[in-house]
Amino acid sequence: MASFIQLLVSGLATGAIYALIAVGFTLLWQTSQTINFAQGEFVMLPAFFILIAMNYGAPFWLSCLIGIAVSIVVLGIAFKYIIVDPMLKHGVLPLVISSIALALFLKEAVKDFYSSQAQPFPVLVEASDVHIFGAVISSQSLVVLAVAIATVIGMTFLLNRTRLGRMMQATAQNPTLARILGVPVRRMVLYTFLLNAVLCAIASILISPIYLAKFTNGETLGMAAFLAAIIGGFNQVRGAILGGVILGILDNLSAAYLSSQYRAAFPLIILIIVILVRPQGLLGRVEERTV
Amino acid sequence: MSAVLEVSNLRKSFGGITAVDGVSFEVRDGEILGIIGPNGSGKSTLFNCVLGQLQPTDGEVKVDGKVTNGMRPRDINRLGVSRTFQLLQVFPQLSVRDNLILAGQEHQGTMFTRLIGRSDAGLGPAADQMIEFFRLSHIATEMAGMLSYGQQKLLDAAMAFMAGPRLVLLDEPAGGVNLTMLANLRERLQAYHAERKATFVVIEH
């Protein structure tokens, strides 16, 4: 029982990080039909922004703020205006291909210009153990879980309880009507990209102490976020959160109780079952499109 | 009475097809004007040109004496022109109340004020009034996408009135609505017109 609780908490922590990344994925899809296959690299990169700032002597907390700010500019504004806007005019497929190319570019750029070696990344709190119902839980897992939950609550509050959030939702649900009613649709879409950049940067700060900062991190994280979004429902933020949590817990429990060699296969098995039984995802809704 | 809307020799072509060909009319304050024509005769295109969703090929549109050619839909909306849609347009994942608040021009302000301002933008009481007026109280918290077609049609109409418009363009308000719901909608529109002296342009077959 103690080891189960331990695995559950650490799975929840990993899942909460996957959820953050997956939420960004679904937000971009909902507001601008952008499928960002560079999402994993968007999580890998901020860790290096932070390390660069620290190399210049900035303290960790300041480096995190700098990392988030640079992420907003590079992964939010620049990504939207330099890649998404010109490509989306030609359809979703060219944009998908461009985002795959961007993922490769970012990965190779970090490898060539920073390092191909995994870099140690500062932890948010000093490592210590907390005892809960006989289980030994690392304080790091609890902090990761707390920060991720706080971020999701903050984002949910923004989307559901503020005027800005309501306008962003309106833009995602019916841009034509939103435009007629006076909602600045283009600006709302930009805000979504900025929000995605912030979510990616926070996920990066949370996951890099565990995975270390490495140029290949995006491969695993991007795939996990993509699977989480599909399992939970690509068109629902709460679906992405659920998908991320399921994936994180499943990953940990399957590695411990079933087979660590096949741990990567279990999320794919769940994905296949979900697609066969409920193709719109666990919390997703069926969408109709006229082509 | 002054003219709220003046349309002069309006023309709209799509390539070789002329959808609207030299239409002229004016609507005075408090008046109800009906535009009747078969499917495909360009009625909705006319509305789209008036509201800035399409730019006319030729001709002129004036709202309260101001030429609106070239203006964006949101700017024309802010002049006090709103519309309903032939093909229903609501925000399906927002509640009826939130749909109305959005339609009430709550989008004004800066990013900062939108973040820290009241979440209902001060439009909550007006939305509740409109909910009551259109008899939507029992479904006020329901997601718009979950409503029946007739209920969505009522919501669509209520949204058009939320910002207290000078002029409302009603695009086939009776289309696809059952007789009971239609009687309810007609009665509500008549009541609104009598109460607020609103100006309507109505498209029907």
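## Where chains A and B meet, and the spaces around them

The biggest share of the largest cavity's lining, 3 residues, comes from H6(B). That cavity is one stop on a quick tour of this predicted model. We'll also look at how chain A and chain B touch, with 24 residues of chain A in contact with 29 residues of chain B, and at a pocket of about 540 Å³, the second largest one.

**The largest cavity**

- A search through the whole structure turns up 4 cavities of 30 Å³ or more, and the largest holds about 80 Å³ of space.
- Both chains help to line the largest cavity: Leu177(A), Ile180(A) and Leu181(A) are among the lining residues, and so are Phe85(B), Asp156(B) and Met159(B).
- At least two lining residues each come from H7 of chain A, and from strand S6 (81–83) and helix H6 (149–161) of chain B.
- Sort this lining by class and you get 6 nonpolar, 2 polar and 2 charged residues.

**The second largest cavity**

- Here there is about 50 Å³ of space, with a lining made up of Thr84(B), Lys153(B), Asp156(B), Ala157(B), Leu170(B), Pro173(B), Leu185(B) and Leu189(B).
- H6(B) turns up again, giving the most to this lining with 3 residues.
- By class, the lining has 5 nonpolar, 1 polar and 2 charged residues.

**Where the chains touch**

- Between them, chain A and chain B bury about 2500 Å², and carbon and sulfur atoms give 61% of that.
- On the chain A side, Arg163(A), Arg166(A) and Ile180(A) lose the most area to chain B, together 32% of what that side buries.
- Arg166(A) also pairs up with Asp98(B) in a salt bridge, where the closest N and O atoms are 3.2 Å apart. The count between the two chains is 1 salt bridge.
- There are also 5 residue pairs in polar contact across the interface.
- Which element gives chain A's touching side its largest share? That's H6(A), with 7 residues.
- The residues on that side of chain A divide into 12 nonpolar, 6 polar and 6 charged.

**The second largest pocket**

- This pocket has 24 lining residues, and the closest to its centre are Asn160(A), Gln169(A), Gln236(A), Arg238(A) and Gln93(B).
- Helix H1 (2–32), H5, H6 and helix H10 (237–257) of chain A are the elements that give two or more residues to the lining.
- H6(A) contributes the most, with 5 residues.
- The lining splits into 9 nonpolar, 11 polar and 4 charged residues.

Terms used:
Residues are numbered from 1 along each chain as its sequence is written. Chains are lettered from A and ligands numbered from 1 in the order in which they are written. This is a predicted model: local features need pLDDT of at least 70, side-chain atom pairs count only at pLDDT 80 or more; totals for chains, interfaces and linings use all residues. Side-chain values use heavy atoms; hydrogens and water are left out. Contact means heavy atoms within 4.5 Å. Buried area is the accessible area (1.4 Å probe) that two parts lose on being put together, summed over both. A salt bridge is a side-chain nitrogen of Lys or Arg within 4 Å of a carboxyl oxygen of Asp or Glu. A polar contact is a pair of N or O atoms within 3.5 Å; within protein, one must be able to donate a hydrogen and the other to accept it, and residues adjacent in sequence count only if both atoms are side-chain atoms. Helices (H or I, at least four residues) and strands (E, at least two) are DSSP runs, numbered from the N terminus. Ala, Val, Leu, Ile, Met, Phe, Trp, Tyr, Cys and Pro count as nonpolar, Asp, Glu, Lys and Arg as charged, and the others, Gly among them, as polar. On a 1 Å grid over the protein atoms alone, a cavity is a set of points where a 1.4 Å probe fits but cannot get out, and a pocket is an open set with protein on both sides within 12 Å along at least five of seven lines; lining residues have an atom within 4 Å of a point. Grid points are joined across faces, edges and corners, and a volume is the space filled by probe spheres set on the points.
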